[in-house]
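Me: Please take a close look at the aromatic pairs of this model. I should like one connected account, with the cut-offs stated.

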Amino acid sequence: MTDGRVYVIAEIGINHNGSYENCIKMVDAAAEAGCDAVKLQFFRAKNLYPKSAGELDWKDSKGEYSYSIYGAVKGFEFPDSWIDELLWYCRSKEIELLSSASDPYGVDILLSKGLRKIKLTSYTITNTVLIEHCAKTGVPIIMSTGGATIGEIEAAIEIVTKYHNKLSLLHCSIQYPTALSDCNLGVIKTLQYAFPGFPVGYSDHTMEAIEAPVQAVYLGARIIEKHITLDKAMDGPDHFFALEPYELMAMVAAIRQAESDYERGTFSIDKVIYGSTAKTVYQHEKYLRDFAFMKLFANRDIQQGQSIGAEDISILRPGKKRHGLDPVYLKLFEEFDIKAKKLISFEDPITWDLIF
């Protein structure tokens, strides 16, 4: 994606911990390491999880405690103004600013600020509403495929290609961290054969800095994405498996060397990291697939016998709640007069047994 080179993305994600200065420091680290882009995660909690999503247990330097899923996500939001400031700063450092979006509002904000690509996370790959909204803009899309089936990926691609072909796919595992034995980098080859014409890359969630990214390059990955942090010991769920600046520098150097090795044919494939070529939902991915693949939920109380319109429904990650229908079924509520069999309360999942 960059003069034929592997395009390296340093994911800041939520590791800014609410600090703009932390973002600046990580941009500096990524630019110094030779990355092509840094990536944020733009979301609003109200568009991501129900307030009733539940609680999670956590252990860090503060001790062991439980926290609200919704409250924690709310704490990782950042103001729109950061995008303007970071876009200017990244341009001054000659590094591209990217961000993921989790809802149409996020797509519109990011593009209005001047971003030139949109990242869609694995958790949105069945969110047909978001994918179509993003595709209609015509901007290039980088789409992660962790925890998805080949059929789900194919359906997402069909939506995008109704509007354009500027799409790249990232293999990844939705396990944080991912063991090297669970990488299954053979799936990179599967995606290349199944969807020729679309660049395939790899989003790495292993603890190791070099091993999996280098093997991905040997398998023809055109994009490598990796979480970064200023310090693994910082509080927050994504720091401990992310790369500190010196590790990031080592990873980029190893990727550039791997590109040379690939061109010369002087490389070998690690069978453990290669794993399987099967693109399926692996056992280690099922928890987060259930937790975060987006579903339909009521955004108001809907009385028995009332019609349910698309405007009455939100597309959210379930967290610990029961699942609603997949987002593809939102069109039913746009096209038909569907009613509630009984009271559907605010933030209840929309399920087949509740409608007629």
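Reply: The account below starts with the aromatic pairs and then turns to a histidine and the nonpolar cores.

This is a predicted model, in which local features need pLDDT of at least 70 and side-chain atom pairs count only at pLDDT 80 or more, while totals for chains, interfaces and linings use all residues. Residues are numbered from 1 along each chain as its sequence is written, and side-chain values use heavy atoms, with hydrogens and water left out.

A search of the whole structure yields 14 aromatic pairs. Here rings of Phe, Tyr and Trp (its six-membered ring) pair if their centres lie within 6.5 Å; planes under 30 degrees apart count as stacked, over 60 as edge-to-face and the rest as tilted. One of these pairs, tyrosine 176 with phenylalanine 241, is tilted, at 5.7 Å centre to centre and 45 degrees between the planes. Tyrosine 176 lies in the loop between β8 (167-171) and α7 (186-194) and phenylalanine 241 in the loop between β10 (223-227) and α9 (245-264), so the pair ties together parts 65 residues apart in sequence. Helices (H or I, at least four residues) and strands (E, at least two) are DSSP runs, numbered from the N terminus. Tyrosine 176 is partly exposed at 30% relative accessibility, whereas phenylalanine 241 is buried at 1%. Buried means under 20% relative accessible area, exposed over 50%, and partly exposed in between (1.4 Å probe, protein chains only).

Tyrosine 218 and phenylalanine 267 form a stacked pair, with 4.8 Å centre to centre and 25 degrees between the planes. This pair also links distant parts of the chain: tyrosine 218 belongs to helix α8 (residues 211-218) and phenylalanine 267 to the loop between α9 and α10 (271-274), 49 residues apart. Tyrosine 218 is buried, with a relative accessible area of 12%, and phenylalanine 267 is partly exposed, at 30%. Elsewhere, ring pairs join Tyr20, Phe42, Phe78, Trp82 and Tyr105 into a cluster.

Histidine 164 sits in the loop between α6 (150-160) and β8 and is buried, at 8% relative accessibility. Leaving aside residues up to four places away in sequence, histidine 164 touches Ala135, Gly138, Val139 and Ile141, where contact means heavy atoms within 4.5 Å. A polar atom of the histidine 164 side chain lies 3.2 Å from the backbone oxygen of valine 139.

The largest nonpolar core (buried Ala, Val, Leu, Ile, Met, Phe, Trp, Tyr and Cys residues joined through side-chain atoms within 4.5 Å) has 108 residues. Cys35, Val38, Tyr49, Met143, Leu248 and Ile350 have the most contacts inside it.

Notes
Polar contact = N/O pair within 3.5 Å; in protein donor to acceptor, adjacent residues only side chain to side chain.
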